[in-house]
Amino acid sequence: MHRAWLIVFALGGVVATVAPSAHAAPRGSGAQPAEPTKPTAATSAKPAAPAPTKPAASTQAKPTAGAADAKAPGERPDDLVDVATVIRDAVIDMRYATADNFTGKELYPVARCKLRRAVVARLAKAAEALRAQDRRLVLWDCYRPTSIQQELWKRVPDPRYVANPKVGSKHGRGAAVDVALADSAGALVSLPTKFDDFSEAAHRDHALAGEVGAEARRLERALAEAGFKPLATEWWHFDAPDSANYALSDEPL
Ligand SMILES: [Zn+2]
């Protein structure tokens, strides 16, 4: 199997961090008043309060050749944000980072769910509503870099299953999410089908019907209330209502 392209992404995703070194221990100070009955007390130091430290700023990587303009200071609604840093109880189960997907291949170099900042804010509202029902979001797929979409298309050039990269996918805009539900312990609840089941059983009119559809209905309700638009043929797929505002991207995961 040809995997050279994966290596490129693995390297592109590396971020160097340096832990700030510990500062000097508190200085021993002058003599304490003698306590005649407790001769050893003088050696016990006061509890050391951790000194505030500043992160080292010198490790920033150079922008790679061909990268677009530098990031503007501050937060922008179209920043691609790691969802796990916002929705801390989300279960990250990025299937394309494993072989457990319909291609049988690992396509993502890391299991990281990124979405546009404004889309994450929306998803966080849904997560909050679900939390009150003892449910956690399970994230199966989020932002998908364009080059990976191209690779997926090379493997499965069938528009029923994979968006043609020339057209692009809303995943490629960082504005679509494939999502399921877990209980408060993180175990999947009873769901209509597995991920990327491309049969009619995954269509909403089947998947959300009856008793087996109860959890998928719960999921759809929470995401729709947060403004997401459900895809008719995949009960797990939701688009942000403003997805057209975001460009296709090839920023690494
Ligand atoms: Zn999807």
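How many Å should the 12 residues of helix α5 span, and how far apart are its end C-alpha atoms? At 1.5 Å a residue the helix, residues 214-225, should span 16 Å, and its end C-alpha atoms are 17 Å apart, which agrees. The legends below take up this helix and other parts of the structure, which is a predicted model.

**View 1. Overview of the protein chain, with its five helices and seven strands.** Followed along the sequence, the elements of the protein chain come in the pattern α-β-β-β-α-β-α-β-α-α-β-β. The protein chain has 253 residues, of which 29% count as buried. Among the contacts in the protein chain with a separation of 6 or more, 72% are accounted for by residues 24 or more positions apart.

**View 2. Helix α5 and the elements that cover its buried residues.** The buried residues of α5 are Glu215, Ala216, Leu219, Ala222 and Leu223. Seen down the axis of α5, these residues fall within an arc of 130 degrees, so they line one face of the helix. The cover over the buried residues of α5 includes two helices, α2 (117-131) and α4 (204-207), and two strands, β5 (176-183) and β7 (237-239). After α5 comes glycine 227, which has a positive phi, near 105 degrees.

**View 3. Helix α2 and its buried face.** For the 15 residues of α2, a rise of 1.5 Å a residue gives an expected span of 21 Å, and the end C-alpha atoms are 21 Å apart, in agreement with that value. Buried in α2 are Val119, Val120, Arg122, Leu123, Ala126, Ala127 and Leu130, a list in which Arg122 stands beside valine, leucine and alanine residues. Because these buried residues fall within an arc of 160 degrees when α2 is seen down its axis, they line one face of the helix. What covers them includes the strands β1 (80-82), β3 (114-116), β4 and β5, together with helix α5.

**View 4. The crossing of α2 and α5.** Two packed helices are described by the angle between their axes and by the distance between those axes. For α2 and α5, the axes come within 8 Å and cross at roughly 135 degrees. That angle makes α2 oblique to α5, and the crossing of the two helices is right-handed. On the α2 side the contact is made by Ala126, Ala129 and Leu130, and on the α5 side by Ala222, Leu223 and Glu225. Of these residues, Ala126 and Leu130 are also listed among the buried residues of α2, while Ala222 and Leu223 are listed among those of α5.

**View 5. Helix α3 and its buried residues.** In this helix, residues 146-155, the buried positions are Ile148, Gln149, Glu151 and Leu152. Around the axis they cover an arc of only 160 degrees, which puts them on the same side of α3.

**View 6. Histidine 206 in helix α4.** Histidine 206 counts as partly exposed, because it has 17 C-beta neighbours inside 10 Å. Leaving out residues up to four places away in sequence, histidine 206 touches Glu200 and Ala201. The C-alpha atoms of histidine 206 and tryptophan 235 are separated by 9.2 Å, although the two residues are 29 residues apart along the chain.

**View 7. Glycine 186 in the loop between β5 and α4.** Glycine 186 has 12 other C-beta atoms within 10 Å and is therefore exposed. When neighbours within four places in sequence are set aside, glycine 186 is in contact with Val91 and Arg136. Between glycine 186 and arginine 136, which lie 50 residues apart along the chain, the C-alpha atoms are separated by 6.8 Å.

**View 8. Two aspartates with a positive phi, aspartate 134 and aspartate 196.** Most residues other than glycine have a negative phi. Aspartate 134, however, has a positive phi of about 60 degrees, and phi of aspartate 196 is likewise positive, near 55 degrees. Aspartate 134 is found in the loop between α2 and β4 (135-141), whereas aspartate 196 is found in the loop between β5 and α4. With 11 C-beta neighbours inside 10 Å, aspartate 134 counts as exposed, while aspartate 196, with 19 other C-beta atoms within 10 Å, is partly exposed.

Notes
Residues numbered from 1 in each chain as written. Predicted model: local features only at pLDDT ≥ 70, side-chain atom pairs only at ≥ 80, totals over all residues. Helix = DSSP H or I, 4+ residues; strand = E, 2+ residues; numbered from the N terminus. Expected span 1.5 Å × (residues − 1). Buried ≥ 20, exposed ≤ 12 C-beta atoms within 10 Å, placed from the backbone. Arc of directions from axis to C-beta. Contact = placed C-beta atoms within 7 Å. Axes fitted to C-alpha atoms, helices over the stretch in contact; angles between N-to-C directions. Parallel < 35°, antiparallel > 145°, perpendicular 65-115°, else oblique. Left-handed = near helix turned anticlockwise from the far one by under 90°.
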